[in-house]
Amino acid sequence: MADMQASTFSPCSAGPCASATSLLQSIQGSALDVLDIEQLQALKATISTCLTLVHRSLNGRQPINSLHPELLGEILQLSLPSSSGYLCEGNSDQAAALKAQRQTLTTYMKVCGQWRSVVLQMAAFWTVVDMSSDAAWCAACLERSKEAPLSVFLQYPLNEAQYLPLAAHGYRIRELFLDIPREQRAAFPTELPTLLPVAPNLESLSIVTRCYIWDSDRPELHLERRPQIFPEPPCSLTKLLLKGPCWIPGGIPYHQLTHLYISQGMPFDLLLFFAFLRQCRSLENLVLDDISNKGIEKLSDDCIPMLELPTLRLLTLGVNQGTWAASYLLNYVILPPSVTLRIIGVFAIDVLKDKRLHLPFTDTFDTLILECTSVYTAIQAAGPSSGILIHSVGMRYHWANVRETGETLRNVLSRVLPCRNIKRVTIDSSAWDVTMQILPDTLLPTTLRLVDRHIQPRNGGQQEHLPDMPESGLRRFLELADLQVWSTNVPLGRPLSSVPGSLKKYTLYYVHPADSEALDPERCVMDSNGSPSISGVDFSFVDNASWPKLDLPGVRPPCHLYDWQ
């Protein structure tokens, strides 16, 4: 016991350490035997309080707790899970996102007194209010958020516990999320104007109906009958998201919407849908994911008036169920020259097979990136102010099926892209020679970048050659001046014996410096006589962090494919 005492406390003649030493000495041996149960419990409580105070002092001296409370709060906020689930594929998982955020907040408050104080006092932690959860939590959120703008989640049909507490906070609501269960999907919520508060500052409205596009008994989408859901029009609304809708909300200032997202809607009349979009004359971002129409095959071309969207900056089309709606939309919509078009899904490439299709905004394109993987095929192309992303999911257009699908891909590229204007091309594949067969003959790039799809060395790290160099493909690029090869493997086993006469620069990038001894610059570029065919080859060793970025700015979204960034 003496050894424990000596190792536990530093020499101290006075103060808490001396008192603790005295306490330890006083309860050694049989001193505790004379105390009854109540006295022992009281002693235990006193010692526990002492330990709590000591732990609090230690925690307060941790580096993170030396931060200013506002800075600590900002850091904790950034680490919170996102409360927005409505941009996910399929139906939204907003409820799960809200639950995860609540659990994280509760965890923060249990870490230490300082964290608890920061979380309780900062209004920004309490601005996401799930009115379908317990009343005590909702009341705490509304109180602790003070006067901060609110994001509110409601579950239909509403009960008093959901709408009564909101009556005094309508002016604070910036985002409103309404979840409608499957059994209520066809009901028109005519009672909502008497339940929801006036929300003059509402900016974003999301309505998710738990209804799927493959439901056999799903009703037709009503575009003319629009039930009003607010007592007064939300005059600040700019974003509207509808998932699985069976009806379109009324009393909405559609003329000022800048963002519209419709996903997995009921079958609709194309002409009525065009008339609806004409009301949205300020649209900048339009996302249509697996929308469907009826009777489209009965319409003649002269019956469908052209639809002009002059302010549109981004159009995203999701096509996993069919191509009819997306094909007709592209044929009869006039897109501005600075638009970015994204087509995503199993039938993404099939949408562009229509021979009537003409996309004038692609005329200024000068850059192409072609990715062929085992999971998807993606085509990115862009010019100074516009771009296109064609993201085809699945094996249908996999490089291994190029004999069956290569001609379709070539025709699509020829129809969509101004091939003679494309000067920079990147191919990301594990089979360059096969993938290059997809490129149209009219494509004459000046810069070609070949990226090996295998990010790590194959065959357990043993030496393996690069994918076969597509020499026949290279020879047809009569204007090629700059060739770049990126790979994680050792250099070419077969020298590049024939290159275009226009080639001026050839750079090999390798990820693993350990392979440097295997590099033989003189063998990498030779003509048929064994002499160097160009003046020199540059070798550069890079790490994984330096691997080329295969995303054109603004063309592929940084997070979710259906995001409108």
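**Inside the predicted fold: core, rings and backbone oddities**

Phe268 counts as buried, since its relative accessibility is 2%, under the 20% cut-off for that label. In this predicted model, Phe268 sits in strand 7, which covers residues 268-269. Its C-alpha atom lies 6.6 Å from that of Ser292, although 24 residues separate Phe268 and Ser292 in sequence.

Stepping back to the whole chain, there are 565 residues, and 49% of them count as buried. The chain holds 15 helices and 21 strands. Among contacts with a separation of 6 or more, 68% come from residues 24 or more positions apart.

The largest nonpolar core takes in 122 residues, and within it Leu205 and Phe273 touch the most other members. Helix 11 (residues 324-332) gives the most to this core, with six residues. Apart from this core lies another one, made of six residues, including Trp486, Tyr509, Trp547 and Leu550. Back at Phe273, the residues touched are Leu223, Ile262, Phe268, Leu288 and Ile291, leaving out anything up to four places away in sequence. Phe268, the residue met at the start, is thus one of the partners of Phe273.

Phe273 also turns up among the aromatic rings. The structure holds eight aromatic pairs. One of them joins Tyr108 and Trp115, in an edge-to-face arrangement with 6.0 Å from centre to centre and 85° between the planes. Both partners are tucked away: Tyr108 counts as buried at 9% relative accessibility, and Trp115 counts as buried at 13%. Another pair is made by Tyr254 and Phe276, with ring centres 5.3 Å apart; their planes stand at 75°, so this pair is edge-to-face too. Here the pair links distant parts of the chain, 22 residues apart: Tyr254 belongs to the loop between strand 5 (239-243) and strand 6 (259-263), while Phe276 belongs to helix 10 (residues 270-279). Tyr254 is buried, with a relative accessibility of 4%, and Phe276 is buried as well, with a relative accessible area of 1%. Together with Phe273, Tyr254 and Phe276 form one aromatic cluster.

Trp115 leads on to a helix pair. Helix 4 (residues 69-78) packs against helix 6 (residues 113-121) at an angle of about 80°, and their axes are 10 Å apart. That angle makes helix 4 roughly perpendicular to helix 6, because angles of 65 to 115 degrees fall in that class. On the helix 4 side, the contact is made by Pro69, Leu72, Gly73 and Leu76; helix 6 supplies Gln114, Trp115, Val118 and Val119. Sorted by character, the residues of this contact come out as six nonpolar, two polar and no charged. Trp115 therefore serves in this contact and also in the edge-to-face pair with Tyr108, all while counting as buried.

A little further along is helix 7, which contains Cys138. Cys138 is buried, with a relative accessible area of 3%. Setting aside neighbours within four places in sequence, Cys138 is in contact with Val129, Asp130, Met131 and Ser133. The C-alpha atom of Cys138 is separated by 9.2 Å from that of Ala161, which comes 23 residues away along the chain.

The backbone has a couple of quirks in this region. Most residues other than glycine have a negative phi, and most peptide bonds are trans. Lys146 goes the other way on phi: it is not a glycine, yet its phi is positive, at about 55°. Lys146 is placed in the loop between helix 7 (135-144) and strand 2. Its relative accessible area of 48% makes Lys146 partly exposed. On the far side of strand 2 (150-155), the loop leading to helix 8 (160-163) holds Pro157. The peptide bond between Tyr156 and Pro157 is cis, with an omega of about -5°.

One last loop residue is Arg356, found between strand 13 (340-345) and strand 14 (367-372). Arg356 is partly exposed, at 44% relative accessible area. Its C-alpha lies 9.9 Å from the C-alpha of Ser327, with their positions 29 residues apart in sequence.

Notes:
Residues are numbered from 1 along each chain as its sequence is written. This is a predicted model: local features need pLDDT of at least 70, side-chain atom pairs count only at pLDDT 80 or more; totals for chains, interfaces and linings use all residues. Side-chain values use heavy atoms; hydrogens and water are left out. A nonpolar core is a set of buried Ala, Val, Leu, Ile, Met, Phe, Trp, Tyr and Cys residues joined through side-chain atoms within 4.5 Å. Buried means under 20% relative accessible area, exposed over 50%, partly exposed in between (1.4 Å probe, protein chains only). Helices (H or I, at least four residues) and strands (E, at least two) are DSSP runs, numbered from the N terminus. Contact means heavy atoms within 4.5 Å. Axes are lines fitted to C-alpha atoms, for helices over the stretch in contact, and angles run from 0 to 180 degrees between N-to-C directions. Angles under 35 degrees count as roughly parallel, over 145 as roughly antiparallel, 65 to 115 as roughly perpendicular and the rest as oblique. Ala, Val, Leu, Ile, Met, Phe, Trp, Tyr, Cys and Pro count as nonpolar, Asp, Glu, Lys and Arg as charged, and the others, Gly among them, as polar. Rings of Phe, Tyr and Trp (its six-membered ring) pair if their centres lie within 6.5 Å; planes under 30 degrees apart count as stacked, over 60 as edge-to-face and the rest as tilted.
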